[in-house]
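Q: Got a minute to go through this one with me? I'd like to talk it over before I write anything up.

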Amino acid sequence: MSLLISQEPPPPTILKLDEKFQPCPVDEGEELYQNGIFHFNISRLLAFLDDHPARFPIALIALTEIANYDESHLDEESVRSADLSRPILLAEISPGLFNVIDGNHRLAKARRDSMPTIRARRIFCPDHIPFLTSVTAYQKYVEYWNSKIQAMQPVTPRRRRARRCEIR
């Protein structure tokens, strides 16, 4: 009997730009995930996860925990033939918020089959950063992430300075 240990998320921290960042190369035939300017090399990311199974365990995630996006753009044959034994990949794109970056066809099939859960792996920031495919995407991602961290900080009210009143 195997027991899956739930992943504890690391506390979100401000990222520092690494001037020596090297984008992840993309070879012909490798799968990419594109979310605006952020392009991840999914093929190499999945290979990395497979090489570190204890660090990135497969867990059952309730479908209600995963945002329900428009699936009309998905290829119907790919949805029907999706292999639900393969876990989907959820990446922490913003602190505490995960996007499906691999497995949208599997997710659609699970929803259509009214499954309550799906097998998934979560990858927290900054573990997915080395798989960004351009320096520009890396720089913009660090800027985006840090803006989200700063927005989470409590706003401390400024103390008002007492006004001096002159009595004549």
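A: Sure, let's take confidence and the overall layout, then the pocket, then a few residues.

Q: What's the mean pLDDT of the protein chain?
A: This is a predicted model, and the mean pLDDT of the protein chain is 88. Of its residues, 86% reach 70 or more.

Q: And where is the pLDDT below 50?
A: Over residues 1–6. Beyond near neighbours in sequence, that stretch has four contacts in the model.

Q: OK, layout. How many helices and strands are there?
A: The protein chain has four helices and six strands. Going along the sequence, they come in the pattern β-β-α-β-α-β-β-α-β-α.

Q: What share of the contacts join residues at least 24 apart?
A: If you take contacts in the protein chain between residues at least 6 apart in sequence, 76% join residues at least 24 apart.

Q: And how much of the chain is buried?
A: Buried residues account for 32% of the 168 residues.

Q: Switching to pockets. How much space lies in the largest pocket?
A: About 260 Å³. It's lined by 13 residues, and the closest to the pocket's centre are E31, D102, G103, N104 and H105.

Q: Which elements each supply at least two residues of that lining?
A: β1 (32–35), β5 (97–102) and α3 (104–112).

Q: What's the lining like, nonpolar, polar or charged?
A: A mix: four nonpolar residues, four polar and five charged.

Q: Now E71. Where is E71 found?
A: In the loop between β3 (59–62) and α2 (76–80).

Q: Buried or exposed, and why?
A: E71 counts as buried because its relative accessibility is 18%, and the cut-off for buried is under 20%.

Q: What is E71 in contact with, leaving aside its neighbours within four places in sequence?
A: A108, R111 and R112. The helix α3 spans 104–112, so those three contacts of E71 fall within the numbering of a helix that also supplies at least two residues of the pocket lining.Q: Last topic, cysteines. How many disulfides does a search of the whole structure find?
A: Zero disulfides.

Q: And C24 and C125, buried or exposed?
A: C24 counts as buried because its relative accessibility is 8%. C125 counts as buried too, because its relative accessibility is 7%.

Methods: Residues are numbered from 1 along each chain as its sequence is written. This is a predicted model: local features need pLDDT of at least 70, side-chain atom pairs count only at pLDDT 80 or more; totals for chains, interfaces and linings use all residues. Side-chain values use heavy atoms; hydrogens and water are left out. A disulfide is a pair of cysteine sulfur atoms within 2.5 Å. Buried means under 20% relative accessible area, exposed over 50%, partly exposed in between (1.4 Å probe, protein chains only). On a 1 Å grid over the protein atoms alone, a cavity is a set of points where a 1.4 Å probe fits but cannot get out, and a pocket is an open set with protein on both sides within 12 Å along at least five of seven lines; lining residues have an atom within 4 Å of a point. Grid points are joined across faces, edges and corners, and a volume is the space filled by probe spheres set on the points. Ala, Val, Leu, Ile, Met, Phe, Trp, Tyr, Cys and Pro count as nonpolar, Asp, Glu, Lys and Arg as charged, and the others, Gly among them, as polar. pLDDT is the predictor's confidence in each residue, from 0 to 100. Contact means heavy atoms within 4.5 Å.
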